[in-house]
Amino acid sequence: MSRPSQGVVVSGLGFPPQNVARVVVWEWLNEHNRWRPYTATVCHHIEDVLKEDARGSVVLGQVDAQLVPYIIDLQSMQQFRQDTGTMRPVRRNFYEPSSAPGKGIVWEWENDGGAWTAYDMDICITIQNAYEKQHPWLDLSSLGFCYLIYFNSMSQMNRQTRRRRRLRRRLDLAYPLTVGSIPKSQSWPVGASSGQPCSCQQCLLVNSTRAASNAILASQRRKASAAPTSPLPPGGPPGAPPGTLSTMHPSATFASATLWAVPTAGPTEPAHAPGASLRSPLNPGGVPTPGQNNLNRPGPQRSSGVSARTSVPPGVPALPVKNLNGTGPVHPALAGMTGILLCAAGLPVCLTRAPKPILHPPPVSKSDVRPVPGVPGVCRKTKKKHLKKSKNPEDVVRRYMQKVKNPPDEDCTICMERLVMASGYEGVLQHKGVRPELVGRLGRCGHMYHLLCLVAMYSNGNKVGWGHGQGGGAGRPGPMDLTATFLGQDGSLQCPTCKAIYGEKTGTQPPGKMEFHLIPHSLPGFSDTQTIRIVYDIPTGIQGPEHPNPGKKFTARGFPRYCYLPNNEKGRKVLRLLIRAWERRLIFTIGTSNTTGESDTVVWNEIHHKTEFGSNLTGHGYPDASYLDNVLAELTAQGVSEAMA
């Protein structure tokens with residue numbers, strides 16, 4: 001099926017041609033480099049503010065309570081989140097009035113949590129066109145997605161996994177229409193139709209600072225208008241299409257990965273100072289025009305300068321907009337707000353982002369890969385046949401416990417009842433041969449519990465989570481359900497007080513493959529040694545009886561995963577123990593991702609790995625002087641150590 005035309009990209013300011021109506025959709029760029037549309041209500045609000053002041057700020061929380069932290073700065077075309085300092089590019093896109101946004105039609109898919117998520121606008125338009133033509137199905141592969149849309153069942157199917165999701169078509173407010181260009185921007189601040197500025201705290205903050213910077217901005221404009229310029233032919237630079245403007249506002253130009261960037265200064269060419277004539281793909285003549293910004297510059301043109309980075313002139317502050325590890329000198333929110341205000345005032349500022357982490361080493365040929373000295377083989381695999389059968393809970397508990405005839409008058413930390421009284425699981429769990437008043441002591445650590453409590457703890461396995469049970473006596477909490485953090489139904493037992501492990505603990509890691517070898521590159525902080533590279537690979541599959549949802553499919557995102565260790569004595573020791581932990585299925589488990597919130601997916605299991613090769617921007621790289629000692633302690637906590645071999 002043919003793909004319909006996407007948003008209209010117009011040269012120059014990006015306004016639609018004179019007397020031609022277009023639907024306006026404002027969109028923001030997410031972390032997956034996809035443009036996500038704002039709702040029609042939000043777009044109407046942005047357009048209303050835009051008509052009043054094309055270089056103002058839009059407070060999104062005024063029309064959508066879920067967007068309270070967000071402000072759009074129309075000068076730099078950035079969405080700013082006040083509590084974190086995160087900035088994302090935004091754009092103003094145009095579509096045909098007869099398309100889905102012009103009719104107020106929204107197509108949505110149901111996520112794992114049961115909530116409805118709108119499709120990207122180009123996908124929404126594609127689906128609506130096929131729906132109107134009464135096609136029975138639609139293939140989205142032409143848009144880069146491996147999904148099939150079935151209109152009869154109103155479902156979306158993943159072509160690879162065959163998984164289906166529900167989708168729906170609903171009517172909403174139509175997106176705003178615009179014809180020709182918008183009115184020229186007026187002086188700041190401009191309020192609503194009443195002529196009064198908004199009194200919300202967010203607007204008051206922006207307005208008060210913006211009013212104080214008007215004098216500085218006027219001074220910058222006077223300097224710019226007084227600068228000598230070179231005349232250009234009427235209509236713009238040679239070869240430019242009709243309607244193309246040949247200049248751009250100097251204050252909207254910064255050395256930023258997300259703002260409109262100027263060309264890199266040459267070896268003998270000084271960096272441009274604010275107010276000086278600038279040359280760019282849209283401005284070959286270098287004539288500044290006060291009042292122009294990059295509001296409606298098409299996406300490809302706005303991003304054409306992304307790779308160009310200028311040297312920062314002396315004395316110009318570099319403000320990190322987003323600091324991932326929180327170690328920068330400027331708080332992210334303060335840096336972002338300061339950058340927006342200085343940008344609006346036309347002051348020199350270099351908005352920067354934290355550098356991207358170096359996740360992988362330079363390419364390595366197979367001939368340069370070597371086995372790790374002292375570690376046999378280069379690969380380990382785990383399969384379903386490695387799973388151990390459950391053992392009798394009473395036998396496991398009695399193996400590690402010693403009976404206590406006269407227990408002390410203190411609490412059992414499992415059921416919260418006194419040890420001199422019956423277990424809180426009396427009446428909740430019936431087990432032959434284990435009386436509720438029996439108390440035992442774990443042999444190595446000496447902690448005491450009701451035998452019935454330990455049997456209940458072992459029997460529950462990972463089927464339940466922490467939480468109070470049916471209520472204890474005398475105002476005490478009831479017996480507690482316990483997770484596989486403390487036990488595993490594999491013949492091992494873990495003390496819930498000190499975490500000491502009895503027996504060989506195994507986990508619930510799905511089947512997969514672990515590879516390890518030497519590569520001829522050094523890690524930061526270990527320049528005198530080569531690097532051990534570990535490669536984990538786990539495919540998607542079906543959850544087994546030891547997993548949270550037996551019989552349900554689980555996902556495996558981000559595999560293969562690459563991890564790194566220094567090739568020294570301690571690094572090789574860590575590798576040997578990681579291999580042992582892998583064989584015991586302790587490296588990964590199935591649960592909910594802390595990063596994406598996705599459930600029933602493969603996640604790390606409390607043994608930290610270094611996944612950055614050449615940096616430590618996220619805390620998962622080198623140099624890190626304490627990492628090897630920390631991971632050895634984590635392995636010991638999982639019952640994996642050379643002493644326990």
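**Note on a predicted model: salt bridges, one sheet and aromatic pairs**

1. In a salt bridge of this structure, the side chains of glutamate 437 and arginine 435 come together with an N to O distance of 3.0 Å. Glutamate 437 has a relative accessibility of 42% and therefore counts as partly exposed, and arginine 435, at 48%, is likewise classed as partly exposed. The reader should keep in mind that the model is a predicted one, and that the structure holds 27 salt bridges, of which a few are taken up below.

2. A further salt bridge joins the side chains of arginine 584 and glutamate 504, with 3.8 Å from N to O. This pair links distant parts of the chain, since arginine 584 belongs to the loop between helix 10 (569-583) and strand 29, while glutamate 504 belongs to the loop between strand 23 (501-502) and strand 24 (512-519), 80 residues apart. Arginine 584 is buried, with a relative accessible area of 8%, whereas glutamate 504 is partly exposed at 37%. Elsewhere, salt bridges with shared partners connect Glu108, Arg168, Arg170 and Asp172 into one network.

3. The open sheet considered here has six strands in the order 8-7-12-11-10-9, and their pairing is antiparallel. Strand 8 (116-118) and strand 9 (137-139) are at the edges with a single partner strand each, so one side of each has no neighbour in the sheet. Direction ignored, neighbouring strands of this sheet are turned against each other by 30° on average.

4. Within this sheet, strand 7 (residues 105-110) pairs with strand 12 (residues 164-171) in the antiparallel sense over five bridges, and isoleucine 105 has leucine 171 in strand 12 as its bridge partner. Helix 3 (residues 121-132) packs on the sheet, where it touches strand 7, strand 9, strand 10 (147-150) and strand 12, and its direction makes about 105° with that of strand 7.

5. A salt bridge also connects strands 7 and 12, for the side chains of arginine 166 and glutamate 110 meet at 2.8 Å, N to O. Because arginine 166 lies in strand 12 and glutamate 110 in strand 7, the pair ties together parts that are 56 residues apart in sequence. Glutamate 110 is buried, its relative accessible area being 17%.

6. Turning to the aromatic residues, the structure holds 12 aromatic pairs. The rings of phenylalanine 559 and phenylalanine 588 have centres 5.3 Å apart and planes at 65°, so this pair is edge-to-face. The pair links distant parts of the chain, with phenylalanine 559 in the loop between strand 27 (553-554) and strand 28 (561-566) and phenylalanine 588 in strand 29 (residues 588-591), 29 residues apart. Both phenylalanine 559 and phenylalanine 588 are buried, and they belong to one aromatic cluster together with Tyr536, Trp582 and Trp604. Arginine 561 lies over the face of phenylalanine 559, at 4.3 Å from the ring centre.

7. Tyrosine 622 and tyrosine 627 form another edge-to-face aromatic pair, for which the distance is 6.0 Å centre to centre and the angle between the planes is 90°. With a relative accessibility of 1%, tyrosine 622 counts as buried, and tyrosine 627 is also buried, at 5%. The ring of tyrosine 622 additionally has the charged end of lysine 610 sitting over it, 5.9 Å from its centre.

Key
Residues numbered from 1 in each chain as written. Predicted model: local features only at pLDDT ≥ 70, side-chain atom pairs only at ≥ 80, totals over all residues. Heavy atoms only, no water. Pairing = 2+ DSSP bridges. Helix = DSSP H or I, 4+ residues; strand = E, 2+ residues; numbered from the N terminus. Axes fitted to C-alpha atoms, helices over the stretch in contact; angles between N-to-C directions. Contact = heavy atoms within 4.5 Å. Phe/Tyr/Trp six-rings, centres within 6.5 Å; stacked < 30°, edge-to-face > 60°. Buried < 20%, exposed > 50% of the residue type's maximum accessible area, 1.4 Å probe, protein only. Lys NZ or Arg CZ within 6 Å of the ring centre and 35° of its normal. Salt bridge = Lys/Arg side-chain N within 4 Å of Asp/Glu carboxyl O.
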